[in-house]
Amino acid sequence: MPDRVIIEADGGSRGNPGPAGYGAVVRDADTGEVLRDVAAGIGIASNNVAEYRGLIAGLEAAIDLGADDVEVRMDSKLVVEQMSGRWKVKHPD
């Protein structure tokens, strides 16, 4: 398994909150080969919860693959800014 992977993750809901789900793809950083993909519906949740669930699922898949170096790509400004330490995490969930 490759040491370096790229995670592309997303999540969303219809309504906010509403029926929600997430998806994540883990790729080999050098070849772009898809190593793992995960997706699931999570019931009624907010967009932000769905985005975080996508991130978590992608990170868990990368751990299962034994990746040592992980790059994450997401379109959620909230998740990116919070995980980068630029924004505070205010909600306990």
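Where is S76 found? In this predicted model, S76 is found in the loop that runs between β4 (residues 69–73) and α2 (residues 77–83). Although loops may bring the surface to mind, the computed value for this residue is worth a look: S76 has a relative accessibility of 7%, so it counts as buried, the cut-off being under 20%. The side chain of S76 also has a polar partner, since one of its polar atoms lies 3.2 Å from the backbone nitrogen of V79. A comparison with I63 helps to place the loop in space. S76 and I63 are 13 residues apart in sequence, and their C-alpha atoms are 22 Å apart.

With that starting point in hand, the overall layout can be described. The protein chain has two helices and four strands. Read from the N terminus, the order of these elements is β-β-β-α-β-α. Along the principal axes, the C-alpha atoms fill a box of roughly 40 × 30 × 20 Å. How does the radius of gyration of the protein chain agree with that of a compact globule? For 93 residues, a compact globule would have a radius of gyration near 12 Å, and the protein chain has 13 Å, which agrees. Of the 93 residues in the protein chain, 33% are buried, and S76 is one of the buried residues.

The strands at the start of the chain can be followed one pair at a time. Strand β1 (residues 4–13) pairs with strand β2 (residues 18–28) in the antiparallel sense, and nine bridges join the two. Within this pair, V5 stands opposite D28 in β2. The hairpin of β1 and β2 has four residues between the strands, and G15 there takes a positive phi near 95 degrees.

Strand β2 also pairs with strand β3 (residues 34–45), again in the antiparallel sense, over ten bridges. Here Y22 stands opposite A40 in β3. The hairpin formed by β2 and β3 has five residues between the strands, and in its turn G32 has a positive phi of about 80 degrees. Strand β2 therefore has two pairing partners, β1 and β3, since at least two bridges are needed for a pair.

The charged side chains come next. Side chains of opposite charge can pair when their charged atoms come close. How many salt bridges does the structure hold? There are six salt bridges in the structure. One of them joins D30 and R4, with the closest N and O atoms 2.8 Å apart. This pair links distant parts of the chain: D30 is in the loop between β2 and β3, R4 is in strand β1, and the two are 26 residues apart. D30 has a relative accessible area of 62% and is therefore exposed, whereas R4, at 37% relative accessibility, counts as partly exposed.

A salt bridge also forms between the side chains of E71 and R73, with an N to O distance of 2.9 Å. E71 has a relative accessible area of 37%, so this residue is partly exposed. R73 counts as partly exposed too, because its relative accessibility is 40%.

Another salt bridge brings the text back to the part of the chain that follows S76. The side chains of E81 and K77 meet at 3.4 Å, N to O. Why are E81 and K77 separated by about one helical turn? The reason is that they are four residues apart in helix α2. Are these two partners buried or exposed? E81 counts as buried because its relative accessibility is 12%, while K77 counts as exposed because its value is 52%. The pair is also part of a wider arrangement, as K77, E81 and R86 are linked in a network of salt bridges.

Nonpolar side chains can be found at the surface as well. Which residues make the nonpolar surface patch of about 190 Å²? The patch is made by L59, V70 and V72. L59 is found in helix α1 (residues 47–65). With a relative accessibility of 33%, L59 counts as partly exposed, because this value falls between the cut-offs of 20% and 50%.

Note on methods: Residues numbered from 1 in each chain as written. Predicted model: local features only at pLDDT ≥ 70, side-chain atom pairs only at ≥ 80, totals over all residues. Heavy atoms only, no water. Buried < 20%, exposed > 50% of the residue type's maximum accessible area, 1.4 Å probe, protein only. Polar contact = N/O pair within 3.5 Å; in protein donor to acceptor, adjacent residues only side chain to side chain. Patch = residues over 30% accessible without salt bridge, like charges linked within 9 Å, V, L, I, M, F, W, Y side chains within 5 Å. Areas by Shrake-Rupley, 256 points an atom, 1.4 Å probe, with all protein chains shown as cover. Salt bridge = Lys/Arg side-chain N within 4 Å of Asp/Glu carboxyl O. Rg over C-alpha atoms; globule rule 2.2 N^0.38 Å.
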